[in-house]
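Colleague: I'm new to reading structures, and I'd like a close look at one part of this model, the pocket. Please start there, and then show me what else is worth finding along the chain.

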Amino acid sequence: MTVLLNFRHGGEDRLGVVVGDHVIDINRAHRARLTSEGVPNAAARAAAEAPSDALTFLQGGEDAVRTARSAVEYVTGLPDDDARRTLLRIPRAEVETLVPIKNPPKVICVARNFGAHAKEAGKEVSEIPIVFARFPSTLIPDGAEVIVPRVSHEVDWEGELAFVVGKPGRYISREDAMDHVAGYSIFNDVSVRNYQFRVTQYTSGKNFNASGPFGPVLVLADEALDPHALQITTTLSGDVVQDGNTSEMVFDIPTIIEHISEWIELEVGDVIAMGTPAGVGFTRQPPRFLTPGDTISVEIPGIGVLSNPVIADPWGER
């Protein structure tokens, strides 16, 4: 299983593979391997074959993945001190986690994709997928602050599985759909409910600043992770508020890919969040919402934990 981490270290944005409690810098490791083999122009070749930007990396397809795996094998064969000194291997505790895909072409979310969630919200399960768009600028990484805006106190959580598109396409069939998945991550579709429900379109309620926690890693698609049998557990300041499984999804990933690609071409790096299980805050009696001082966390085994503190709007009163 290959786990990618977009991170910042020493003022630079880098891309690495998580190995235990360390991150192996793919670009630096590939460059070091090429240099050790006497390959000319190793730096330029490494920049092309093992870019430090996740989106560019995914555009390299299977060749880029093979390069990353060979880079990891090279570094794991080095003495620990050498790998650490040359920044090929960095303790994860020393890096700043970034969102898995910076500025994805599209962020598309699926609504009411769990029957129990639709029921708790007093809604019917749709016969076709209901989707809406998020703006990439709303995305924040693991550890960043979710903001309770000055204009609302009805800020809710929605823990979800997300996948990232790794192969572009239009009119993709169910049979071919999974070939277009690069990997999986965690999403928290934080929603400002009074803005969401006061109109028929979800756009404003789903696109407040700092309302889209995404990460912490991207687990590349392989046989080790079944995206349709993953537990999703959301905790609010230590209290379990959601505990569902992706096996409960009304529409599976192939259906969603087939549906979306009917009306728009999927691009490498597109992020698609698959909907949330039951347990959101606005359906509780009394309703429960995010408040400053809370910590909201979403865990999916095999991927990790996406955890974010909640703060008051730092822009203050006007």
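Modeller: Here is a walk that starts at the pocket, follows a helix, and then visits some strands and loops.

Keep in mind that this is a predicted model. The largest pocket holds about 360 Å³ of space. It is lined by 20 residues, and the closest to its centre are Glu-62, Asp-179, Val-181, Ala-182 and Ala-221. Two elements, H4 and strand S12 (181–188), each give two or more residues to that lining. The largest share, four residues, comes from H4. How can anyone tell where a pocket is at all? Rolling a probe the size of a water molecule over the atoms shows where empty space is left.

So let's stay with helix H4. It covers residues 61–76, which makes 16 residues. From the first C-alpha to the last, H4 reaches 23 Å, close to the 22 Å expected at 1.5 Å a residue. Which of its residues are buried? Those are Ala-64, Val-65, Thr-67, Ala-68, Ala-71, Val-72 and Val-75. Look down the axis of H4 and you'll find these buried residues within an arc of 160°, so they line one face of the helix. There is a handy rule behind such patterns: an α-helix has 3.6 residues a turn, so residues three or four places apart point the same way.

Now for the strands. Strands of a sheet pair through backbone hydrogen bonds, either parallel or antiparallel. Go to the start of the chain, where strand S1 (residues 3–9) and strand S2 (residues 12–19) run antiparallel and are joined by six bridges. If you want one pair to click on, Phe-7 stands opposite Arg-14 in S2. S1 and S2 form a hairpin with two residues between them, and Gly-10 in the turn has a positive phi of about 60°. S2 then pairs with strand S3 (residues 22–25), again in the antiparallel sense, over four bridges. Here Val-18 stands opposite Val-23 in S3. S2 and S3 also form a hairpin with two residues between them, and in this turn Gly-20 has a positive phi of about 65°.

Further along there is an open sheet of five strands, in the order S9-S19-S18-S15-S16, with mixed pairing. Its edges are strand S9 (146–148) and strand S16 (239–245), each pairing on one side only. On average, neighbouring strands of this sheet are turned by 20° against each other, direction ignored. Inside this sheet, strand S18 (residues 295–300) and strand S19 (residues 304–312) run antiparallel, with six bridges between them. One pair to look for is Thr-295, which stands opposite Pro-309 in S19.

A few backbone details are fun to hunt for. Most residues other than glycine have a negative phi, and most peptide bonds are trans. Leu-87 has a phi near 60°, a positive value in a residue other than glycine. You'll find Leu-87 in the loop between helix H5 (80–85) and strand S4 (89–91), and it is partly exposed, with a relative accessible area of 27%. Ala-210 also has a positive phi, near 55°. Ala-210 sits in the loop between H8 and S14. Is Ala-210 buried or exposed? Its relative accessibility is 12%, and buried means under 20%, so Ala-210 counts as buried.

As for cis peptide bonds, one joins Gly-215 and Pro-216, with omega about 0°. Pro-216 belongs to strand S14 (residues 212–220). Another cis bond joins Gln-285 and Pro-286, with omega about -5°. That proline, Pro-286, is in the loop between strand S17 (271–273) and S18.

Finally, two residues to compare with the eye. Arg-134 is in strand S7 (residues 130–134) and is buried, with a relative accessible area of 2%. Asn-194 is in helix H8 (residues 193–197) and is partly exposed, at 28%.

Definitions and conventions: Residues numbered from 1 in each chain as written. Predicted model: local features only at pLDDT ≥ 70, side-chain atom pairs only at ≥ 80, totals over all residues. Heavy atoms only, no water. Pairing = 2+ DSSP bridges. Axes fitted to C-alpha atoms, helices over the stretch in contact; angles between N-to-C directions. Expected span 1.5 Å × (residues − 1). Buried < 20%, exposed > 50% of the residue type's maximum accessible area, 1.4 Å probe, protein only. Arc of directions from axis to C-beta. 1 Å grid on protein atoms, 1.4 Å probe; cavity = no way out; pocket = protein on both sides within 12 Å on 5 of 7 lines; lining within 4 Å. Points joined across faces, edges and corners; volume = space filled by probe spheres on them.
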